[in-house]
Amino acid sequence: MVSTLTWVLAGLVAYTLAAMALKARGVVPDYIRFSGPITTIHTQRGKVLLDRLARPRRFWRAWGNLGVGVALVVMVGSFLLFVLGAQQAIVNPQPTALNEPRNALAIPGVNDFLPLSVAPEILLGLLLGLVVHEGGHGLFCRVEDVGIESMGVALLTVLPVGAFVEPDEDELLRSDRGTQIRMYAAGVTNNFALAIVALVLLFGPVAGSIAVVDGFPVGGTLPGTPAAEAGIGSGDVITAVDGRQVSDPAELREVLSSTDAQRVEVTRRDAEAVTVQREVVVSSAVASAPLTGGDTIVSVNGTNVSTSDAFVRAAARHPVAELATEDGRTVTMPTGGYVLVAEDGPLDDAGAPAGEGVVVTAVDGRRTVNGTALAAVLADTDPERTVPVVAYVDGQRQVYDVDVATNERTGGALLGVTLEPGVSGIEVNDFGIDAYPAATFLSVIGGDSGGAETPDLGFARRIYFTFLLPVIGAAPGTGFAYNFPGFTSFWTNFYTVEGPLGALGKTPVFLLANALFWTGWINIVVGQFNCVPTFPLDGGHILRATTESVVSRLPVPDRRQVTTAVTVAVTLSMVASLFLMVFGQRLLA
């Protein structure tokens, strides 16, 4: 099947050829110009309005000076971000969805993080951003009495991707450097201001009228698990199990843990009830484990098991157990916490193989059936003493006398290992569903989390996490399995609207919330990208003007040459860093 990106590229080529043919025949008016697939529409309209808006010049100059400070800070941050990103791509070339080349394109449906379902809201936010960005440049031209030759919009074929103001280059070059810097910084300042206004409205009355519905929000089901076989899928909200009410993910775990029943009836919000036949299915396993994802465990040492808790209890009775699978296989393995031994740690010093995986079945005489039990035992073990540790290395039982250190985080014993979840690195699931973090996402943008425990964020951190939400599932170290696409598609099943805006209904409020969210997000992106210190972006022009200002005060013979050397060096560094960030992981991996 031909990919979406291939169709997009084919369309761009076809449009370019058609535009060239029409231009050659002279049927295109002079105010429309083509540069490959980019179309620019030029106009003289709007100059009178800019002249009127520019009249409070003292106010605008103060606003411009504030914007210069903001732009310089973001420029430095952008420079460091690109350089560190390039360094990471070289040191640890791990391809992820974040550095997929197609995700560098801000095209909904092509970019994995820009859903096609909210393309209108994204394009609205982009259009507003382009208007305020280029409007800022034009306004400051008139504030500083710099002429404007033309204004207009830039289209990628027929999609608006930019706007522009063409100042009179001669007048701009004759102006002082402060004028130039304020003019170039005005666009990004307005983008950040628009983002803040949109997010303040989102954090306040709009998200405040949205709440999470009671129940377990199903983000997805694991293939081959009982829930998937029963027909439970993404967007379902589980409200009860065997008649017991479920108001959040914690309650579902509690209800399932309280019964070993193999068959349970699951009630769903706005959907038919289904019966789930629980089985112990391997959801993930370390490479050295004898079982793999999708295997179904039916017994442990002859004891039939149909739930995760029953599996753990049966495994805890035997440090070495025989596991039977549904397809008739039998495997024998130690049952304990799977760990990777850290180099120069206490367990390594006691003789365990550094850098290798071992299964720890007991610490100081206390059974450790899985990673959770091992962590709990270590946290409850007095440090700074010698304790016996029973471990299996390549299936062979070993006893190590370990001088455990102090774990500064827990206050307990430090073994010097990296813990893996599950029994011997095997995670099992008797239900097979993932919770969508609806309450956490809503709390980030200022909504009612429904009593769920969520982080307490200030305004600045709230904006930062809002910026991360569309990519948070792919960002390393966040612990999230899902991105936040806005209030769209089946994700809206997890939310309801109440309070003063409840009279409008769910759809209008969700549309408004999406428009504010994506307007704020896209304008942060546009502002930050334009602050990258490289030409032809605003950051490149600000870099040149500020470098000229600094160099003019230095006792050097050829100031122009020094300025050129600095700007070219920074520009090349940014281009190289961007290339490495997008393509480096795949070239070096």
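## Salt bridge between α15 and α6

In this predicted model, Glu548 and Arg177 form a salt bridge in which the closest N and O atoms are 3.5 Å apart. Glu548 belongs to helix α15, which covers residues 538-551, and Arg177 to helix α6, which covers residues 177-206, so the pair ties together parts that are 371 residues apart in sequence.

Are the two partners buried, exposed or partly exposed? Glu548 has a relative accessible area of 25% and is partly exposed. Arg177 is likewise partly exposed, at 34% relative accessibility.

## Other salt bridges

The count for the model comes to 13 salt bridges. One of them joins the side chains of Arg268 and Asp236, with an N to O distance of 3.0 Å. Arg268 sits in strand β9 (residues 263-268), while Asp236 sits in the loop between α7 (226-230) and β7 (237-241); the two residues are 32 apart and the pair links distant parts of the chain. Residues count as buried under 20% relative accessible area. Arg268, at 13%, is therefore buried, and Asp236, at 14%, is buried too.

Asp270 and Arg269 also meet through their side chains in a salt bridge, here with an N to O distance of 4.0 Å. That value lies at the cut-off, since a salt bridge requires the nitrogen within 4 Å of the carboxyl oxygen. Asp270 is exposed, with 76% relative accessibility, whereas Arg269 is partly exposed, with 38%. Elsewhere, Arg61, Glu144 and Arg182 are joined into one network by salt bridges that share partners.

## Packing of α4 against α6

Helix α4 spans residues 119-143, and its axis comes within 7 Å of the axis of α6. The two axes cross at roughly 145°, and the crossing is right-handed.

Which residues of the two helices meet? On the α4 side they are Leu128, Gly129, Val132, His133, Gly136, His137, Phe140 and Cys141. On the α6 side they are Arg182, Met183, Tyr184, Ala186, Gly187, Val188, Asn190, Asn191 and Leu194. An α-helix has 3.6 residues a turn, so residues three or four places apart point the same way. Arg182, one of the α6 residues in this interface, is also part of the salt-bridge network with Arg61 and Glu144.

## Helix α13 and Leu468

Helix α13 comprises residues 459-468 and includes Leu468. The buried residues of α13 are Arg462, Ile463, Thr466 and Leu468. Their cover includes α6, α12 (438-444) and α14 (506-530).

Leu468 has a relative accessible area of 18% and is buried. Its C-alpha atom is separated by 8.9 Å from that of Phe484, 16 residues apart along the chain.

## Ala227 in α7

Ala227 is part of helix α7. How buried or exposed is Ala227? Its relative accessibility is 0%, so it counts as buried.

Leaving aside residues up to four places away in sequence, Ala227 touches Thr221, Ile232, Val276, Phe431, Gly432 and Ile433. Between Ala227 and Thr157, which are 70 residues apart along the chain, the C-alpha separation is 45 Å.

## Nonpolar surface patch

Val13, Leu17 and Met20 make up a nonpolar patch on the surface, and together they have about 310 Å² of accessible area. Met20 lies in helix α1, residues 4-24. Met20 is exposed, with a relative accessible area of 54%.

## Whole chain

The protein chain has 589 residues, of which 47% are buried. Its secondary structure consists of 16 helices and 25 strands. The C-alpha trace spans about 85 × 65 × 50 Å along its principal axes.

The accessible surface of the chain comes to about 28500 Å², and carbon and sulfur atoms account for 58% of that area. Among contacts between residues at least 6 apart in sequence, 64% join residues at least 24 apart. The salt bridge of Glu548 with Arg177 also joins residues far along the chain from each other, at 371 residues apart in sequence.

Technical notes. Residues numbered from 1 in each chain as written. Predicted model: local features only at pLDDT ≥ 70, side-chain atom pairs only at ≥ 80, totals over all residues. Heavy atoms only, no water. Helix = DSSP H or I, 4+ residues; strand = E, 2+ residues; numbered from the N terminus. Buried < 20%, exposed > 50% of the residue type's maximum accessible area, 1.4 Å probe, protein only. Patch = residues over 30% accessible without salt bridge, like charges linked within 9 Å, V, L, I, M, F, W, Y side chains within 5 Å. Areas by Shrake-Rupley, 256 points an atom, 1.4 Å probe, with all protein chains shown as cover. Axes fitted to C-alpha atoms, helices over the stretch in contact; angles between N-to-C directions. Left-handed = near helix turned anticlockwise from the far one by under 90°. Contact = heavy atoms within 4.5 Å.
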